[in-house]
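Hi there,

Here is the structure I promised to pass on. Have a look at it first, and my notes follow below.

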Amino acid sequence: MDQSKEQRILNSVSYNAVKGDPESVLDCIDNYCSQKEWAMNVGDEKGVILDKVVEEADPTIALEFGTYVGYSAIRIARLLKPNARLLTIEFNPEFASIAREIIEIAGLSEKITIIEGHSQDIIPQLREKYQVDKVDFVFLDHWKERYCPDTILLEECGYLRKGSILLADNIVYPGAPDFIKYIRSHKSFDCTNYPSHLEYMKVEDAMEKAVYMG
Ligand SMILES: CNc1ncnc2c1ncn2[C@@H]1O[C@H](/C=C/CNC(=O)c2cc(-c3ccc(F)cc3)cc(O)c2O)[C@H](F)[C@H]1O
Ligand SMILES: [Mg+2]
């Protein structure tokens with residue numbers, strides 16, 4: 001059976017990236033996806049916004065919905081302080097195993113835990129199974145109609161604290177209208193929009209930052 005696009009991305013990283021160098025892994029994926037096959041990584045333009053928000057958050061516990069091939073997990077984890085860690089949730093087993101290999105090549109396996117499962121099932125387990133008390137930073141990049149329910153679930157489970165930062169990808173394209181309506185009208189969230197472009201394309205997109213005010 002011929003390989004998947006995600007397997008071809010892994011092949012390219014495995015062949016071209018410098019082992020243990022996260023930047024070279026990110027560059028390799030960006031080059032492959034802009035020159036060979038488009039893929040839904042946050043990419044290098046929106047990636048700079050992600051970098052800035054992660055640096056602002058300086059999280060001890062970071063959480064991501066939608067690992068895919070691990071591009072944004074590497075982007076986030078490469079900026080984390082020594083004892084900080086990233087938990088990233090992915091329900092497609094093929095994507096999870098490809099991400100695990102790409103994260104290993106980047107040398108970030110110690111800082112990133114890939115949790116295989118559906119976010120709505122995993123979120124309630126974070127405290128008992130993963131010793132999470134509060135989350136300092138959350139990157140939302142999974143199914144767009146799940147951004148809103150999963151944000152509500154995080155709040156209900158008590159993982160958000162004063163200053164917890166949420167960052168959501170694809171606010172314009174594909175869009176997450178119910179999430180935007182909810183978060184911007186919710187008194188406990190202070191929202192900022194960051195206009196940008198869809199990864200590897202000239203199409204307009206944006207990210208939304210929401211700071212939990214407690
Ligand atoms: C629902 N709970 C989940 N739990 C765990 N893993 C999940 C869950 N839901 C999905 N996953 C996992 O998270 C990933 C899903 C990412 C979805 N992302 C996109 O659709 C997405 C789409 C475009 C896009 C733009 C233009 C165009 F013409 C076509 C596509 C651009 C983007 O940046 C995106 O992020 C993964 F695939 C899935 O297994
Ligand atoms: Mg995205």
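Before the details, one cut-off: a residue is called buried under 20% relative accessible area, exposed over 50%, and partly exposed in between. By that rule Arg146 is partly exposed, because its relative accessible area is 25%. Please keep in mind throughout that this is a predicted model.

**Overall build**

The chain has 10 helices and 7 strands. For 214 residues, a compact globule would have a radius of gyration near 17 Å, and the 16 Å of this chain agrees with that. The C-alpha trace spans about 50 × 40 × 35 Å along its principal axes. Of the 214 residues, 56% are buried. Among contacts with a separation of 6 or more, 75% are between residues 24 or more positions apart.

On the outside, the chain exposes about 9600 Å², and carbon and sulfur atoms supply 53% of that area. If you are thinking about electrostatics, there are 24 positive and 36 negative side chains, with the centres of the two sets 4 Å apart.

**The magnesium site**

Which residues coordinate the magnesium ion (ligand 2)? They are Asp141 (OD), Asp169 (OD) and Asn170 (OD1), at 2.1 to 2.2 Å. Along the chain, these donors follow the spacing D-x27-D-N. Asp141 sits in the loop between S4 and helix H8 (147–156), while Asp169 sits in the loop between strand S5 (165–168) and H9, so the pair ties together parts that are 28 residues apart in sequence. Both aspartates fall under the 20% cut-off for buried: Asp141 has 13% relative accessibility, and Asp169 has 0%. Water is not among the atoms, so the site may look incomplete.

**Around helix H8**

Arg146, the partly exposed residue from the start of this note, lies in the loop between S4 and H8. Its C-alpha atom is separated by 8.4 Å from that of Phe179, although the two are 33 residues apart along the chain.

H8 itself has these buried residues: Tyr147, Cys148, Asp150, Thr151, Leu153 and Leu154. An α-helix has 3.6 residues a turn, so residues three or four places apart point the same way. What covers the buried residues of H8 includes strand S1 (61–65), helix H6 (119–122), S4, S5, helix H10 (177–185) and S6. Just after H8, Gly158 takes a positive phi of about 80°.

**Backbone points to check by eye**

- A cis peptide bond joins Tyr173 and Pro174, with omega at about 5°. Pro174 is placed in helix H9 (residues 171–175).
- Gln131 is not a glycine, yet has a positive phi of about 55°. This residue is in the loop between helix H7 (126–130) and strand S4 (137–140), and Gln131 is exposed, with a relative accessible area of 58%.
- Tyr200 is not a glycine either, and its positive phi is about 65°. Tyr200 is in the loop between strand S6 (189–197) and strand S7 (204–212). Is Tyr200 buried or exposed? At 18% relative accessibility, Tyr200 counts as buried.

That is what I have so far. Happy to talk it through whenever suits you.

Best wishes

Methods
Residues are numbered from 1 along each chain as its sequence is written. Chains are lettered from A and ligands numbered from 1 in the order in which they are written. This is a predicted model: local features need pLDDT of at least 70, side-chain atom pairs count only at pLDDT 80 or more; totals for chains, interfaces and linings use all residues. Side-chain values use heavy atoms; hydrogens and water are left out. Helices (H or I, at least four residues) and strands (E, at least two) are DSSP runs, numbered from the N terminus. The radius of gyration is taken over C-alpha atoms; the globule rule is 2.2 Å times the number of residues to the power 0.38. Buried means under 20% relative accessible area, exposed over 50%, partly exposed in between (1.4 Å probe, protein chains only). Contact means heavy atoms within 4.5 Å. Accessible areas come from the Shrake-Rupley method with a 1.4 Å probe; for residues, only the protein chains shown count as cover. Lys and Arg count as positive and Asp and Glu as negative; His and the chain ends are not counted. The place of a charge is taken as NZ of Lys, CZ of Arg, CG of Asp or CD of Glu. Donors are N, O and S atoms within 2.8 Å of the metal (3.2 Å for Na, K and Ca); water is not among the atoms, so sites may look incomplete.
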